[in-house]
Every structure is written in C-alpha cells, then in structure tokens.
Amino acid sequence: MVDRTIQAGDGDGGVDEIRTFPFPVELSVGGVGMQVGPMGTGRTWHADAPLHRVHRIDFHVVMLFDEGPVHHMIDFDEYEATAGELLWIRPGQVHRFSHADGYRGTVLTMQPGFLPRATVEATGLYRYDLPPLLHPDKARLAGLRSALDQLQREYEDTTTLPPILHTAILRHSLTAFLLRLSHLAASSAEAAGQQSDSTFTLFRQAVEKGFATNHSVSAYAEALGYSRRTLVRAVRAATGETPKGFIDKRVILEAKRLLAHTDMPIGRIGAAVGFPDAANFSKFFQLHTELTPAGFRAEVR
C-alpha cells in the first residue's frame, strides 16, 4: 500500500504530514473493493493513520450514525451528526475525526472503481457540490437501513456463492443502497435549486483530475468533446455559475486546504494549484477571498 503525502502542520502546533490514504483492500472481506461494518474504536485506514489528524482518502466513506452528536470536520466546515443521520465523504476531501466523540453506527467504504461508470453517474458519487451531511426522514431512513443491512449480510456471506457471484451481488446490493442515498442527496439539491446532468458530471470529474494544471474552460470543453456554449449551459444549469467560476472555486478550495493544514511556503502552494508565479497566485486568491494567502493562513490558525 502506497500513500501520498504533503508536508503539513498537524493542528497541534507540530510538524506532520497530510496523507492521502488508499482503500485498504487487504482489510476487506475477500479483498473486494468495499467494506461495510460497525463503527467503533480502533478502526483505521492504515496502521500509521491517526484519524483525529487531518488527512485525505482516495475512496468513499458513508457513515450512518446510531448515536450522537458526533462532530466531524470536512473542508473547513464542522458537521454535527446525530442518530439517524449520514455523513458522505468523497475521495480527496480533507477531513478529521473528532478525538473526543464516540462514533457508533455502520460505516461503508468503497473504491471508486468498484462500480461501473454508468452506476457511478446514476448514483452521483462525485457530487462534490452537495453537502456531506444528510438528514433522511423516517421513511427514507428505514429504506436506507434496510438496504445497508442487506449489503452487510451479503458482504459477510463468503461461503454461499463462488467469489465471482459474491462480488456481482455485492455490486448490485451496493448500487441499491447508493441509489437510495443519491435520491436523498438529489432531493436536498433540488430543494436548494440545484440539478445535474451527464455533461456537468463529466466536467466536474475532469476538473477534479486537472484543476492543478488546467484552468481553461476551452481546454476542458475540447477534451470532453463539447462546445464551449454547451458546457456553459450545463454548468450554469447545475450550479448557477460559469465553468470558469466552478474551476476557480475548486482551485481556491485546494489552496485553502494547503494554507490551513500545511506549512508549505505560499509560493509552493501557488505552484501546486497551477500558479508558478507567486504574485499571480496571491492576486488570484485575494480576488476570490478578499484575503491574501498569508492573511487567510493567519486567520484560520
């Protein structure tokens, strides 16, 4: 298992690393690309991963809580989840578990590549524009619990079927749960006046992969096979903003992550998000936040 690291402050005044941990395949039953089971003390992604420190993961985590409140930091926001609520953390998001709170409930983790692309789109696995905290009503919660319980039973049953069929049924059971979960998330998005389509989904995925080096709307449109006008319409319909605004927001988020959670020099942070010239990075950051990078770092520490 290989993890990627960025030199960082650990939040306690010392020097540490913000690590990106891969999915722990060796800890999953049968080595499949997902895990599901009870939350509790001692769970970790990696032997060297203290979960109360800021870190990233390159897989999805869904936590359904039986008790609360639990406080969990995700990308500068502190979320308070209680019994019957869910937290959905997506690959690449910076987050930190509460050292004091007890996490009780069921946790699902999954590799992005475990499900086929059509399912990934249908279930909104990369809707970074949606809030991580979800509040199902009684009926939706019952459906989610039932689907998750079924998924857990299938996950733990490794003797009834051959491995190939076991994995296939896991994918179907996981899809059923995620469709319920994505419907809940989409309902929340509709209430907020948001929507999505496949054009925007592909654009969002491309930006997530390329924002550190590519800030050009035309380049994304060309790579995806759309006209610039089509891309503008799709992004505006889904988010209410322009493609350039969407790209800039993602760049700013990454810059904020590095400024808040690492001790990297500001010039290196600028280069990491596509600004080789530190002065240009500072102008860009100040334009979007009304703070200099140094001022933001001082404010959040």
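In this predicted model, the side chain environment of Leu174 brings together several parts of the chain: Leu174 touches Met34, Leu108, Met110, Phe114, Leu115 and Leu151, residues up to four places away in sequence being left out of the count. Leu174 belongs to the largest nonpolar core, which has 29 residues. Within this core, Leu174 is among the residues that touch the most other members, together with Met34, Leu86, Leu108, Phe177 and Leu181. Two or more residues each are given to the core by strands E3 (34-38), E5 (60-65), E8 (86-89) and E10 (105-110), and by helices H2 (138-156) and H3 (163-191). H3 supplies the largest share, with 7 residues. A second core, separate from this one, contains 26 residues, including Ala221, Leu231, Ala255 and Ile269.

Strands E3, E5, E8 and E10 also take part in an open sheet of 5 strands, arranged in the order E3-E10-E5-E8-E11 with antiparallel pairing. E3 and strand E11 (133-134) are the edge strands, and each pairs on one side only. Between E3 and E10, the antiparallel pairing extends over 5 bridges. Met34 is placed opposite Met110 of E10; both methionines are also contacts of Leu174. Helix H2 packs on this sheet and touches E3, E5, E8 and E10. The direction of H2 makes about 110 degrees with that of E3.

Another open sheet consists of 3 strands in the order E7-E6-E9, again with antiparallel pairing. Strands E7 (77-81) and E9 (95-97) stand at the edges with a single partner strand each, so one side of each has no neighbour in the sheet. From one strand to the next, the twist averages 25 degrees. Strand E6 (residues 70-74) and E7 run antiparallel and are joined by 5 bridges. One of the residue pairings between them involves His71, whose bridge partner in E7 is Glu80.

Aromatic side chains form 11 pairs in the structure. In the pair formed by Phe200 and Phe246, the ring centres are 5.4 Å apart and the planes stand at 80 degrees; the pair is therefore edge-to-face. Phe200 lies in helix H4 (residues 198-210) and Phe246 in helix H7, so this pair ties together parts that are 46 residues apart in sequence. Phe200 and Phe246 are both buried. The pair of Phe275 and Phe284 is tilted, with 4.7 Å from centre to centre and 35 degrees between the planes. Both of these residues, Phe275 and Phe284, are buried as well. Phe275 and Phe284 also belong to a cluster linked by ring pairs, in which the other members are Phe76, Phe281, Phe285 and Phe296.

Helix H7, which carries Phe246, comprises 19 residues (243-261). The distance from the first C-alpha of H7 to the last is 27 Å, close to the 27 Å expected at 1.5 Å a residue. Of the 19 residues of H7, 14 are buried, so the helix is largely enclosed by the rest of the structure.

Conventions
Residues are numbered from 1 along each chain as its sequence is written. This is a predicted model: local features need pLDDT of at least 70, side-chain atom pairs count only at pLDDT 80 or more; totals for chains, interfaces and linings use all residues. Side-chain values use heavy atoms; hydrogens and water are left out. Helices (H or I, at least four residues) and strands (E, at least two) are DSSP runs, numbered from the N terminus. The expected span of a helix is 1.5 Å times one less than its number of residues. Buried means under 20% relative accessible area, exposed over 50%, partly exposed in between (1.4 Å probe, protein chains only). Two strands pair if DSSP finds at least two bridges between them. Axes are lines fitted to C-alpha atoms, for helices over the stretch in contact, and angles run from 0 to 180 degrees between N-to-C directions. A nonpolar core is a set of buried Ala, Val, Leu, Ile, Met, Phe, Trp, Tyr and Cys residues joined through side-chain atoms within 4.5 Å. Contact means heavy atoms within 4.5 Å. Rings of Phe, Tyr and Trp (its six-membered ring) pair if their centres lie within 6.5 Å; planes under 30 degrees apart count as stacked, over 60 as edge-to-face and the rest as tilted.
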